[in-house]
Amino acid sequence: MDLATVESRAEPRAFSPKHDLPEEYRTGATRMLQFHANSEIMGAYLEKPFIRQSPSLDRKLAFSAKVQDEIGHGQLLYRAAEALGVKTREQMLDELANGEGKFLNCFHYEMTDWWETPMIAFFVDGAAMKRQATLKNSSWEPYAHAMDKICFEEGFHIKHGEDVLRELATGSKREQKLLQEAFEEWWPRILQFFGPTDDQSTHHDFMAKVGLKTASNDELRQAFLNSYVPKAEKYGLEIPDEPRIHYDEDAGGYVLEEDDLDWEEFFAITKNDYEPGLNQIDTRAAAQEAVEWVRTSLDASDSPAAAAAGGD
Amino acid sequence: MRYEVFRQDKPGAYHTHCGDVHAPDREMALLFAQIQHGRRMQTNSLWVVPKEEIGEVDTDEAAFGGTTDKAYRWATTYNVDASFAEEIEASEREQAAEERKRGSDD
Amino acid sequence: MAATDDVADLAPDERAALEALLFRMADDEFVLAERYTEWQVRAPTLESDLALANIAQDELGHARLWYDALQGLGYSEPELVWERNPADFRHSILVELPFTGGDWADPIVRSYLYDEAEHLRLQALEDAPVRALADPIGKVQREEEYHREHAQSWLERLCDDAEGREAVEAAVGRLFGPALTLFVPGEHEATVERMGLRSESLADQREQWLDVVVPFLGSLGVEVPFGPEEDVDDLLPERVGRDGNHTDDWPALHEELTRTYRELGRSDARRLRGERRE
């Protein structure tokens, strides 16, 4: 199939592993899926310490279940990526370990305290859900299928995140203060979640034409702000003065002054060139390396069975 | 040799099991499956899989989703309003439907 | 003793014995789960990560169930977990020992030794004449079946090659003594026996356990750390946990897991709203 044919047929869920797809499509979709899958793993990495830090048994169960789900999402997405025939899951996990693999800006920052957790579990996950819901219409069928299951599960994550947020927001004065501080620290990063405006986004045009991106960064950020700013306000969080956002009656939504955001930091992060993120990549890599012997051992015991099955 | 057959009715849909065919090899299995399972039902794609390659575990052997309380895994457990975002509401709705199905199996 | 669902009928010493039994189980499951979660995002593969996370949640759920039973006896969650003196916990030291990074054989061996014992412990409680004890057993056992199958399958795979078998044998050597502490009686043992709460004594359970785990490990080419003529009791560590005497790893872990609770000055532990309990 040539690129023109792909563009003309780029309906939701139109392309499956059966199709002979052009190189550009395969590499574009692989890059996107690998980024998405890596982000699930690094998000889980960031949240994992809070299984231990949870201040009640029910919270601990919920946090463990959430981290488990995120790893499960990684599993689904690497599979959808693998089906493109460009990279194996092992390659992608190795690339994540050696610092080549890219992932979401928010997961490059450190998260050290419980009162920060809703920033990821409610706001960042909420932002991700805005994007993920649109990806149910990806032209790459395995991606859309992964999204069916991921979106199904995410409702728990975000409602749980909001429940933690509510508990802190209605807690002691000190809890409210710590929550506000966490919000101020995370808010600019959350606004950068969707990346720069579309005209600065290099891959956007191609990805939109072949049905891999079904909504623009601006549209998604707009939708996110429309849903989540009122929520933040409901819980008494004050939106920081900068970066400036204001509600535009004519546009029917929020407008963000993008220049108020630190794009230098953002682009350093997108190149895996930002210190806390690098540290997180390396410690995860060390953990992955430490159990390499088990994977080797499994592969060794795998092979006779694989040979007996005579698969091609 | 027996091949299990999975049919996808239209592009983008899931392949679901629809029966089997007896055939000497994969190529013949695909030929037979087209006729036996695709001649009338709307079909976009078929998969054939050797029967012996399919493993199974069922409710006699496994407690899918656990037997003790796992309510913490479900969106419906959390008393916060999901209606602020269409996609969260949809997720919650899907989970509620799944829970009802699970419940009616008990 | 006749079956009772009203613990108010119990004499004070009987009530203390029932509580002690519940604490042993709840604390074992709680601390084991806490340790298991360390493997989340660190397991050898994505699939094994999901499976061990699930086992951790099962065990934590079982802990919650037994802590719930204790709440029925008047305790609150903060008293049971968050504000409790670590020296008052009665879990076996097997479950509190820290993991060494990358040593996947440890959680597998630990799970194997623990879950085989857990299976026997639950079996012995199936007909306990106290409903709070007997009622949840079926549901808990159902989940434990997966744990045992999971541990056994992993042991078989790991022992398929020399490096894996060595790691398993090292873990067995290290954990066998601590696992024996699972069967060490507590202060109220005589009353537990007199009340007929268990159908098998701890000593009998230990014999049955040895009859299962030693041959199974042997069948995998893994040697247990005692000879046929040697007394297995020689392996019993000095600190057993059952009397509140723990290794230093336990207060450190307790300190860590109560950090948020303490830092926020909480006095209550959040129960999820809208939750349906069976």
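**Reading two interfaces in a predicted model**

Modeller: Start with polar contacts. This is a predicted model. Between chain C and chain A, 27 residue pairs are in polar contact, both partners at pLDDT 80 or more.

Biologist: Which elements of chain C give two or more residues to the side that touches chain A?

Modeller: Helices are the place to look. The list is α1 (12–36), α2 (46–72), α3 (77–82), α6 (137–158), α7 (162–180), α10 (249–257) and α11 (259–263) of chain C. The largest share comes from α2(C), with 11 residues.

Biologist: How do the residues on that side of chain C divide by class?

Modeller: Sort them as nonpolar, polar or charged. The side of chain C that touches chain A has 23 nonpolar, 10 polar and 21 charged residues.

Biologist: How many salt bridges are there between chain C and chain A?

Modeller: The count is 11. Take one pair to inspect: A:E167 with C:R266. Their closest N and O atoms are 3.3 Å apart.

Biologist: How many residues are in contact on each side, chain C and chain A?

Modeller: Read contacts as two numbers, one per chain. Chain C gives 54 residues, and chain A gives 45. Then read the area. About 4600 Å² is buried between chain C and chain A. Carbon and sulfur atoms give 57% of that area.

Biologist: Which residues of chain C lose the most area to chain A?

Modeller: Look for C:V41, C:L46 and C:R270. Together they make up 16% of what the chain C side buries.

Biologist: Now chain A and chain B. What area is buried there?

Modeller: Use the same steps. The buried area is about 2400 Å², with 58% from carbon and sulfur atoms. In chain A, the residues that lose the most area to chain B are A:F152, A:F156 and A:K159. Those three account for 30% of what that side buries. As for contacts, 31 residues of chain A meet 26 residues of chain B.

Biologist: How many salt bridges lie between chain A and chain B?

Modeller: There are 3. In one of them, A:K130 pairs with B:E87, at 3.0 Å from N to O. The interface also holds 20 residue pairs in polar contact, both at pLDDT 80 or more.

Biologist: Which element of chain A gives the most to the side that touches chain B?

Modeller: First list the contributors. Those giving two or more residues are α4 (57–82), α6 (117–135), α7 (141–169) and α10 (217–234) of chain A. α7(A) gives the most, with 15 residues. By class, this side of chain A has 13 nonpolar, 5 polar and 13 charged residues.

Notes
Residues numbered from 1 in each chain as written. Chains lettered and ligands numbered in written order. Predicted model: local features only at pLDDT ≥ 70, side-chain atom pairs only at ≥ 80, totals over all residues. Heavy atoms only, no water. Contact = heavy atoms within 4.5 Å. Buried area = accessible area lost by both parts, 1.4 Å probe. Salt bridge = Lys/Arg side-chain N within 4 Å of Asp/Glu carboxyl O. Polar contact = N/O pair within 3.5 Å; in protein donor to acceptor, adjacent residues only side chain to side chain. Helix = DSSP H or I, 4+ residues; strand = E, 2+ residues; numbered from the N terminus. Nonpolar A, V, L, I, M, F, W, Y, C, P; charged D, E, K, R; others polar.
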